[in-house]
Amino acid sequence: MMELNNVRTRFAPSPTGRFHFGNANTALFNWLIARRYGGVVVLRMEDTDTERSTKEYERLIIADLEWLGIDWDEGPLKGGDFGPYYQSERGGIYEDYTKKLLESGAAYKCYCTKEELDHAREEARSSGSPDVFNCGCRAMSDDERIKKESEGDAFSVRFMTPKNDRIVLNDLLRGPIEFDTNDIDDFIIARSDGSPTFLLTNAVDDALMKITHVVRGEDHISNTPKQMLVNRTLGLHVPEYLHTAMILGQDRTKLSKRHGAVSVFQFREKGYLPESMVNYLAFLGWNPKDDREFFTIRELAEAFSIEAMSKAPSVFDEARLHYLNAYWMKTIDRSRVVKMWVDYLVERGYVTADEAETKRGWIQRIVEISAERVKILSDIDEYADFFFKDVESYDEKGAKKHFSKENAADNIAMVKSELASVEPFNHDGIEKMYVRLKEEKGLGANQTIHPVRLALTGKTFGPSLFELMELLGRDVCLARLDRAEKHIRETSASV
RNA sequence: GCCCUCAUCGUCUAGUGGUUAGGACACCGCUCUUUCAAGGCGGCGGCAGGGGUUCGAGUCCCCUUGGGGGCGCCA
């Protein structure tokens, strides 16, 4: 077992969109490493892109983290000794370091415009130039520089990447990864409006916030040598790095919006439990090396180890998430499930908020008999809608099978009249009635159960018919049977 | 084009030189059952290819192929 001491990890989302699966995956691994090895988690908002960052996204990202149960020890809402934890409030720090780099000659001003750069880049690539693109500003003479300066031309600041050097990233998961600095361009650390970029802020803050382990997606591997270079020339601490495997869509490309639902929120909306999400997310890039497949976040924190992480990217598979959700829906407190049902029913207009309150006991009983089938909240539409609204249509195949028999209408009429007088009108009473029907008239499920289920629910599947009748109540059952009987007589007459 | 990275069933994965290559999801049967679901039982299906190393390679090395990521005044 790898031994880590005084671990400080961080997650550093930029509030430019909703928290998606990839973010949640790396956030979880940061959390897991800190929790497993007795460390601290820092949350840092990387809101340097003023164009796209919003306070609203910040709020939503925090809400998603809280929902998932991923907490943090330092950062927004928590404070800490290494703040501020919003990069937008750390401008002075970045300015100082940029200045330092500029003064020491480790960075230089680039006067190229965006258009010039785009053009040059295009040319370089189409001509198949093997060298990384660098503009002429790196080699600009002092005279020229002074001239540009006096003209007041806008400039960005580029890091002067050393030539002919090698830089080795000792990835905690992947081992040494070697880079030739000739393959690294002179990246921009400050934009022409003076604002710092990720390559600088992220690296500097990790050092300043005393982050010991930077755990982030594989897509950052090529950024890491740049940031190591920045910190090294600045005399700042260089943390350990661990690059996690990416999550891919079904088409095996980086998970993005075009793959459909990718934000944590969207899955929450669909009715997935945070337990399932965390459980699933943890298994994308880690596994316990035994047959256990269900873990709470606490259990994960205990079982987790870096050695058991995998390097290969994995494809997101909702079927698996769905399966886990079925398990957690059965496993969590039933009262929580009832609460979720109530919220869902009200939200979808099945019941009003008042009804939900007064009929809570009744809803709870419906949950009890439907829980096995409702693997995800939205299954309510499929399995339990008939409790809350009238039957609008009958399943086509079911109707063909159960409503087209010769005595179908008569059988339904008979059950209807029996039901009118059965006492007590509950599961046991109805079951006794059915047993009697079978004994006295020899009528089985095909005559008296399946057609009745179809009449009452419109479906050929669902919970126990007797319990379902009890919960529907006598009046509703009689009315629906009556309607079905008429329906059958009408349709058979027209044939 | 250049750099980096990864590679066991369709998917998530176990495997650390000797296994009938194991599990889970999905799918398909059977079973249970008033239906469906759940459960139980079973089935389908995999080491990308080629060279080495070795008595012996899914496991080690090399090459090829394939996948992924990066090459922004996004993060």
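**Chain A: overall form and local features**

Helix 20 is followed by Gly458, a residue whose phi is positive, near 80 degrees. The model in which this glycine occurs is a predicted one. Helix 20 itself covers residues 450–457 and is mostly covered, with 7 of its 8 residues buried. These buried positions are Pro451, Val452, Arg453, Leu454, Ala455, Leu456 and Thr457. The list thus includes an arginine, Arg453, alongside residues such as Leu454 and Leu456.

A similar description applies to helix 21, which runs over residues 465–472 and is also mostly covered, 6 of its 8 residues being buried. Leu465, Phe466, Leu468, Met469, Leu471 and Leu472 make up the buried set of helix 21. Just after helix 21 comes Gly473, with a positive phi of about 90 degrees. A positive phi therefore occurs at a glycine after helix 20 and again at a glycine after helix 21. In general, an α-helix has 3.6 residues a turn, so residues three or four places apart point the same way.

At the level of the whole chain, 22 helices and 11 strands are found in chain A. The radius of gyration of chain A is 32 Å, well over the 23 Å given by the globule rule for 495 residues, so chain A is more spread out than a compact globule. Along the principal axes, the C-alpha trace of chain A spans about 110 × 50 × 40 Å. Of the 495 residues, 49% count as buried. Among contacts in chain A with a separation of 6 or more, 75% are accounted for by residues 24 or more positions apart. Chain A exposes about 24,100 Å², and carbon and sulfur atoms supply 48% of this area. Chain A carries 68 positive and 83 negative charges, and the mean positions of the two sets are 3 Å apart.

Two pairs of C-alpha atoms illustrate separations within the chain. Glu66 and Ala139 are 73 residues apart along the chain, and their C-alpha atoms are separated by 50 Å. For Gly92 and Arg336, 244 residues apart along the chain, the C-alpha separation is 47 Å. Gly92 has its place in helix 3, and at 43% relative accessibility this glycine counts as partly exposed.

Glu66 lies in helix 2, which comprises residues 55–68. With a relative accessibility of 48%, Glu66 counts as partly exposed. When neighbours within four places in sequence are left aside, Glu66 is in contact with Trp72 and Leu77. Leu77, one of these two partners, is placed in the loop between helix 2 and helix 3 (91–103). Leu77 is not a glycine, yet its phi is positive, at about 70 degrees. Its relative accessibility is 68%, and Leu77 therefore counts as exposed, the cut-off being over 50%.

Arg252 is a further non-glycine residue with a positive phi, here of about 65 degrees. Arg252 lies in the loop between strand 10 (247–248) and helix 8 (264–270). At 54% relative accessibility, Arg252 counts as exposed. Leu77 and Arg252 are both loop residues, the former between helix 2 and helix 3 and the latter between strand 10 and helix 8.

Another loop contains a cis peptide bond. The bond in question runs from Glu423 to Pro424, with omega near -10 degrees. Pro424 is found in the loop between helix 17 (408–421) and helix 18 (427–441).

In contrast to the exposed residues above, Asn30 is buried, with a relative accessible area of 1%. Asn30 is found in helix 1, residues 21–36. The side chain of Asn30 reaches the backbone oxygen of Val215 at a distance of 2.9 Å. Apart from neighbours within four places in sequence, the contacts of Asn30 are with Thr9, Arg10, Phe11, Val41, His213 and Val215. Val215 thus appears both among the contacts of Asn30 and as the residue whose backbone oxygen is reached by the Asn30 side chain.

How values were computed:
Residues are numbered from 1 along each chain as its sequence is written. Chains are lettered from A and ligands numbered from 1 in the order in which they are written. Side-chain values use heavy atoms; hydrogens and water are left out. Helices (H or I, at least four residues) and strands (E, at least two) are DSSP runs, numbered from the N terminus. The radius of gyration is taken over C-alpha atoms; the globule rule is 2.2 Å times the number of residues to the power 0.38. Buried means under 20% relative accessible area, exposed over 50%, partly exposed in between (1.4 Å probe, protein chains only). Contact means heavy atoms within 4.5 Å. Accessible areas come from the Shrake-Rupley method with a 1.4 Å probe; for residues, only the protein chains shown count as cover. Lys and Arg count as positive and Asp and Glu as negative; His and the chain ends are not counted. The place of a charge is taken as NZ of Lys, CZ of Arg, CG of Asp or CD of Glu. A polar contact is a pair of N or O atoms within 3.5 Å; within protein, one must be able to donate a hydrogen and the other to accept it, and residues adjacent in sequence count only if both atoms are side-chain atoms.
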